[in-house]
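Grab your viewer and work through the exercises below with the model open. Each one sets a task and then walks through a solution.

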Amino acid sequence: MMNLLNIFLVSFYGFFQIPMADQFRQDGKIYVVVGVILILLIGFFIFLWRTDRRIKKLEEKANKQG
Amino acid sequence: MQEVFELVYKDLKTDWRNRYPVFGILLYLSAIIIISYMSFMNFIKPEVWNALFWLIILFTSVNAIAKSFMQEENRTTYLYFVASPVKIIAAKLIYSNLYQFVLILISIVIFSLLLGSPGNLNAWFFVNLFVGSIGLASAFTMVSSLASKTENNATLMAILGFPIVIPILLMATSISKQLILGAPASDITSDLLTLLSVNVIIIALSFILFPFTWKS
Amino acid sequence: MLRTEWWKWLTMALLLYVFVGGLLLPVPRLPILNETIRVLYFHVPMWFGMIALFTASCIQAIKYLSKEQLTNDIFSVQLAEVGILFGILGMISGMFWANYTWGEPWSSDPKQNMSAIALLIYFAYFVLRGSIKDEQQRAKISAVYNIFAFATLIPLLFILPRLAEDSLHPGNGGNPGFNAYDLDSQMRLVFYPAVIGWALLGFWLATIKIRYEIVSEKLGL
């Protein structure tokens with residue numbers, strides 16, 4: 001259904017030749033971009049998660065003291 | 001109510017006794033009007049006239065009302081025991097609105113004397129001027145009560161106050177521009193109501209929030 | 001709420017989905033925008049995130065005034081700080097995007113103006129805090145300013161679009177080429193999760209800062 005809609009849109013707008021990165025996607029290079037972004041994002045999330053942990057430990061320590 | 005009027009009267013008397021602040025503001029007002037007259041002498045259009053006029057009102061207002069709480073510093077402890085915060089803010093709002101209104105009347109006289117009148121200054125223009133000035137004066141009164149608690153209050157008055165009065169200023173300027181360009185009253189009523197409701201929000205919040213700043 | 005885990009997992013899952021889906025799922029073919037329409041998933045949520053964080057900051061300020069607990073003040077400040085971060089990032093990314101699609105970085109658009117005013121207000125908030133020494137007094141005065149300023153921000157939501165007759169953002173006139181995505185159900189599949197995910201990320205960052213402040217207070221750092 002999605003593809004049908006897409007084909008329809010492409011042929012409909014074909015008259016105006018609205019350029020999109022179609023070739024780029026067909027070559028599969030978009031997956032390289034997605035891969036790089038995923039690596040970075042997961043890296044940042046791990047970092048954030050570890051910071052969260054560290055603060056939790058500090059909180060526990062503070063609660064023991066207090 | 002009696003107490004509120006006594007507080008207003010007290011402010012009036014203080015200003016009457018040491019006239020320098022009032023004369024200072026009047027001089028400030030004339031100075032910016034003369035400067036804008038010299039810079040805009042030959043190419044002033046009605047839209048520019050309007051924007052300039054409201055900017056002058058804004059700057060006069062922020063300077064005039066800044067003093068409303070800052071002069072209280074020595075007397076605050078006394079007032080603290082005598083009157084309730086709601087009465088104090090009511091008195092201050094009334095007084096700064098009166099003060100602002102007198103200043104605006106003076107400034108429109110000098111302003112149109114030098115820069116001319118842009119055309120349609122009908123009754124609605126003055127209604128809008130009145131409503132807008134209530135908003136400006138009330139917002140700056142509240143901001144002045146906050147700024148007086150800080151160390152560098154003159155700068156803070158401007159940076160705290162300007163973002164807050166943007167809605168009022170935008171509405172008032174746009175209404176008065178429409179009126180100057182000859183729009184009928186029916187075009188501006190909904191905008192005027194919006195402006196009025198912004199004023200209501202600001203005044204209501206002043207009454208709610210002022211007791212917290214006063215107590216501290 | 002500060003220490004529960006599930007919504008942090010949700011944040012990560014949503015954002016991972018947004019980044020993958022935002023790049024791979026089909027988008028409408030529109031002139032001028034072309035592929036840059038995908039920026040919508042990353043730039044617009046900044047604006048929503050900023051508003052959400054500032055709202056939360058204002059709510060904490062109200063709580064502070066009613067309870068006078070310094071914790072609420074810490075909440076309020078840190079939420080506002082992350083809100084400012086979102087506002088600045090959204091503004092810079094928006095100007096960058098607008099330069100290529102609308103032809104100029106700043107075009108007096110209501111949402112642009114609104115975020116500029118909001119940033120002015122919260123910068124002023126921090127200057128105000130900086131100029132009061134006493135802790136209780138600082139908390140109280142800045143809470144009052146926070147509420148007062150936030151309340152005047154709300155009417156702007158209605159005023160600004162009315163004044164700008166030819167807004168470039170969709171939904172308030174103008175720019176017909178751009179209005180199409182309003183109705184595009186395809187984009188909603190990513191856009192709504194993006195708004196929620198980015199806002200949650202903002203709250204996560206804020207909670208880390210808040211907990212840090214509270215702990216360092218406790219340990220006397």
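Helices here are DSSP runs of H or I with at least four residues, numbered from the N terminus. One caveat before starting: this is a predicted model.

**Exercise 1. Find where C:E68 sits, and say what its phi looks like.**

Step 1: Go to chain C and look for the loop between α2 (40–67) and α3; C:E68 is placed there.

Step 2: Check the backbone. Phi of C:E68 is near 60 degrees, a positive value, and the residue isn't a glycine. Most residues other than glycine have a negative phi.

Step 3: Count neighbours. The cut-offs to use are 20 or more C-beta atoms within 10 Å for buried and 12 or fewer for exposed, with partly exposed in between. C:E68 has 14 C-beta neighbours inside 10 Å, so it counts as partly exposed.

**Exercise 2. Place C:S93 and list its contacts beyond four places in sequence.**

Step 1: C:S93 belongs to helix α3 (residues 70–101) of chain C.

Step 2: With 15 other C-beta atoms within 10 Å, C:S93 comes out as partly exposed.

Step 3: Setting aside neighbours within four places in sequence, you're left with C:H43 and C:M46 as contacts of C:S93. C:M46 is 47 residues away from C:S93 in sequence, yet the C-alpha to C-alpha distance is 9.3 Å.

**Exercise 3. Work out the fold summary of chain C, then test two of its helices against the expected span.**

Step 1: Chain C has 7 helices and 0 strands, running α-α-α-α-α-α-α from the N terminus on.

Step 2: Of the 221 residues in chain C, 46% are buried. Take the contacts in chain C between residues at least 6 apart in sequence: 74% of these join residues at least 24 apart.

Step 3: Try helix α5 (residues 135–163) of chain C. Its 29 residues should span 42 Å at 1.5 Å a residue, and the end C-alpha atoms are 41 Å apart, so the two agree. There's a bend in α5(C) as well, about 35 degrees at C:L156.

Step 4: Now helix α7 (residues 185–218) of chain C. Its 34 residues reach 49 Å from first C-alpha to last, close to the 50 Å expected. After α7(C) comes C:G220, with a positive phi near 70 degrees.

**Exercise 4. Decide whether B:L136 is buried or exposed, and find what it touches.**

Step 1: B:L136 lies in helix α6 of chain B.

Step 2: The count is 28 other C-beta atoms within 10 Å, so B:L136 is buried.

Step 3: Leaving out residues within four places in sequence, the contacts of B:L136 are B:I57, B:L58, B:S61, B:Q100, B:V165 and B:I168. For a pair at some distance, try B:I44: it is 92 residues from B:L136 in sequence and 25 Å from it in space, C-alpha to C-alpha.

**Exercise 5. Describe the contact between chains B and C, and follow it into the nonpolar core.**

Step 1: Count the two sides: 25 residues from chain B and 24 residues from chain C.

Step 2: Split the chain B side by element. α6 (123–147), α7 (153–180) and α8 (185–215) each supply at least two residues, and α7(B) gives the largest share, 10 residues.

Step 3: Sort that side by class, and you get 17 nonpolar, 6 polar and 2 charged residues.

Step 4: Look at the largest nonpolar core, which has 121 residues; B:L160, B:I168 and C:Y145 are among those with the most contacts inside it. Not counting residues up to four places away in sequence, B:L160 touches B:V143, B:L146 and B:A147 in chain B, plus C:A124, C:L128 and C:Y145 in chain C.

**Exercise 6. Do the same for chain A against chain C, keeping an eye on confidence.**

Step 1: Chain A has 3 helices and 0 strands, and 2% of its 66 residues are buried.

Step 2: In the contact, 24 residues of chain A meet 21 residues of chain C. α1 (2–13) and α3 (30–65) of chain A each supply at least two residues of the chain A side, with the largest share, 14 residues, coming from α3(A).

Step 3: By class, this side has 18 nonpolar, 3 polar and 3 charged residues.

Step 4: Check pLDDT. Chain A has a mean of 78, and 73% of its residues reach 70 or more. Confidence in chain A is lowest in α1(A), at a mean of 52, and highest in α3(A), at 90.

Note on methods
Residues are numbered from 1 along each chain as its sequence is written. Chains are lettered from A and ligands numbered from 1 in the order in which they are written. This is a predicted model: local features need pLDDT of at least 70, side-chain atom pairs count only at pLDDT 80 or more; totals for chains, interfaces and linings use all residues. Two residues are in contact if their C-beta atoms, placed from the backbone, lie within 7 Å. Ala, Val, Leu, Ile, Met, Phe, Trp, Tyr, Cys and Pro count as nonpolar, Asp, Glu, Lys and Arg as charged, and the others, Gly among them, as polar. A nonpolar core is a set of buried Ala, Val, Leu, Ile, Met, Phe, Trp, Tyr and Cys residues joined through C-beta atoms within 7 Å. The expected span of a helix is 1.5 Å times one less than its number of residues. The bend at a residue is the angle between axes fitted to the seven residues ending there and the seven starting there. pLDDT is the predictor's confidence in each residue, from 0 to 100.
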